[in-house]
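Open the model in your viewer and keep the selection panel at hand. We will go stop by stop.

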Amino acid sequence: MTVPGAPASPASHPGADDGVPDSLERLLVLYHALYLTRQAEERLEEFHDQGRIPGHFHRSLGQEGGAVGATMALRRRTDGTGDLVAPTPRTTGALFVMGATPLEYLRQCLGRAGAPTGGRDPGPGWTDLDRGLLAPLPAMGNLVEVMAGVTLALKMRAEDRVGMVFTGDGATSTGAWHEGLNFAAVRRCPLILVVEANQWAFSTPTHRQTRIQSFLERCAGYGIQGVQVDGTDAVRVHEVARAAVERARAGEGVQVVELGYYRLSGHDLDDDQAYVDPAELERWRARDPLQLLRDRLLAAGAGDTSRIRELEETIRDEVVEAATEALASEFPQASPEVEG
Ligand SMILES: Cc1ncc(C[n+]2csc(CCOP(=O)(O)OP(=O)(O)O)c2C)c(N)n1
Ligand SMILES: [Mg+2]
């Protein structure tokens, strides 16, 4: 299947770090990744409702443009020479942008033997250093420390590569987040920290966990730069992320990008969001990142909606095919009991 920003050769993903952000082709590549993310998550939600998902599943509904727009600013390779990204369980789009296939992703969440972790860990992420992917960690905030170390290593080896780490807004209240950020700031590591400010951490609204208005205020305490951007606008996210990646690659040290949006789903699919104001939810639903990008595509000259519909149909078919194959995949064999 076609990976968003599909590689012309197996070792490169052209369009990842060059080209014109507002070109029609670029918008289509972004839309491809957003639509693929939503389709894959919708299939998983159906699997969840059928009781087929062994772990917890976090949707990125309303946030698809953040993970996609930001990671598309990275140099994406398949031979272990590209940039590195450490997503959270919610940044599904990052996996696809880095080259994961829907079949890998669906098998992974279904805990099947042919999944990247062989069904041992059914979380929605895994490590694949060839593609520059690191698995999420259960303790939120800790990947900031890990990525501080990873990017310090890149710098010490004088490699022309950067790292990107995602955290939620809740994670910014952990000690690990602050320690990792401070260390990376002091050592001027080539790290881009993306904060997904979706206004919730489980059922805790942001104002119940911090008195600051923007997470950029935290950057000031560490002497680093940050930029706030509307996370529902994938194109804008992409532009801001590209500039941040360029600065980090040029040796300007840690960059922070704060994505402002709203968690449209529950924390995970077992959370009914009973604590969320329905009117507020409705207001944010109107800022659907897919619809915004669709409108932009039409304005940029994608013609009538037929080209977009054709693209959507192709992606839907690919995901349905992957879902059928994933469901038919074997479960892992139980390990033989250890005698003792
Ligand atoms: C150190 C730590 N404390 C608590 C938890 C339990 N926990 C898992 S997700 C989560 C909320 C995460 O909120 P946020 O960082 O805003 O990410 P979001 O879910 O909104 O994407 C919490 C408290 C954890 N995983 N790690
Ligand atoms: Mg949050």
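Select ligand 1 and show what surrounds it: 13 residues, with R90, P138, D169, G170 and N198 the closest. This is a predicted model.

Color that shell by class. Seven residues are nonpolar, four are polar and two are charged.

Now turn on a surface for the protein. The largest pocket is the space that ligand 1 takes up.

Next, pick out the polar contacts to backbone atoms, one residue at a time.

- P138: a polar backbone atom sits 2.8 Å from a nitrogen atom of ligand 1.
- G170: a backbone N or O atom is 2.7 Å from an oxygen atom of ligand 1.
- W200: a polar backbone atom lies 2.9 Å from an oxygen atom of ligand 1.

How much of ligand 1 does the protein cover? On its own, ligand 1 has 590 Å² of accessible area, and the protein covers 67% of that.

Move to the magnesium ion, ligand 2. Which protein atoms are its donors? Select D169 (OD), N198 (OD1) and W200 (O); they lie 2.0 to 2.1 Å from the ion. Along the sequence, these donor residues follow the spacing D-x28-N-x1-W.

Stay on two of the donors. Are N198 and W200 buried or exposed? The cut-off for buried is under 20% relative accessible area. N198 has 5% relative accessibility, so N198 counts as buried. W200 has 10%, so W200 is buried too.

Last, show both ligands together. D169 and N198 are among the residues closest to ligand 1, and both are also donors of the magnesium ion. W200 is a donor as well, and its backbone also contacts ligand 1.

Key: Residues are numbered from 1 along each chain as its sequence is written. Chains are lettered from A and ligands numbered from 1 in the order in which they are written. This is a predicted model: local features need pLDDT of at least 70, side-chain atom pairs count only at pLDDT 80 or more; totals for chains, interfaces and linings use all residues. Side-chain values use heavy atoms; hydrogens and water are left out. A residue is near a molecule or strand if one of its heavy atoms lies within 4 Å of it. A polar contact is a pair of N or O atoms within 3.5 Å; within protein, one must be able to donate a hydrogen and the other to accept it, and residues adjacent in sequence count only if both atoms are side-chain atoms. Accessible areas come from the Shrake-Rupley method with a 1.4 Å probe; for residues, only the protein chains shown count as cover. On a 1 Å grid over the protein atoms alone, a cavity is a set of points where a 1.4 Å probe fits but cannot get out, and a pocket is an open set with protein on both sides within 12 Å along at least five of seven lines; lining residues have an atom within 4 Å of a point. A molecule sits in a cavity or pocket if more than half of its atoms lie within 2 Å of its grid points. Ala, Val, Leu, Ile, Met, Phe, Trp, Tyr, Cys and Pro count as nonpolar, Asp, Glu, Lys and Arg as charged, and the others, Gly among them, as polar. Donors are N, O and S atoms within 2.8 Å of the metal (3.2 Å for Na, K and Ca); water is not among the atoms, so sites may look incomplete. Buried means under 20% relative accessible area, exposed over 50%, partly exposed in between (1.4 Å probe, protein chains only).
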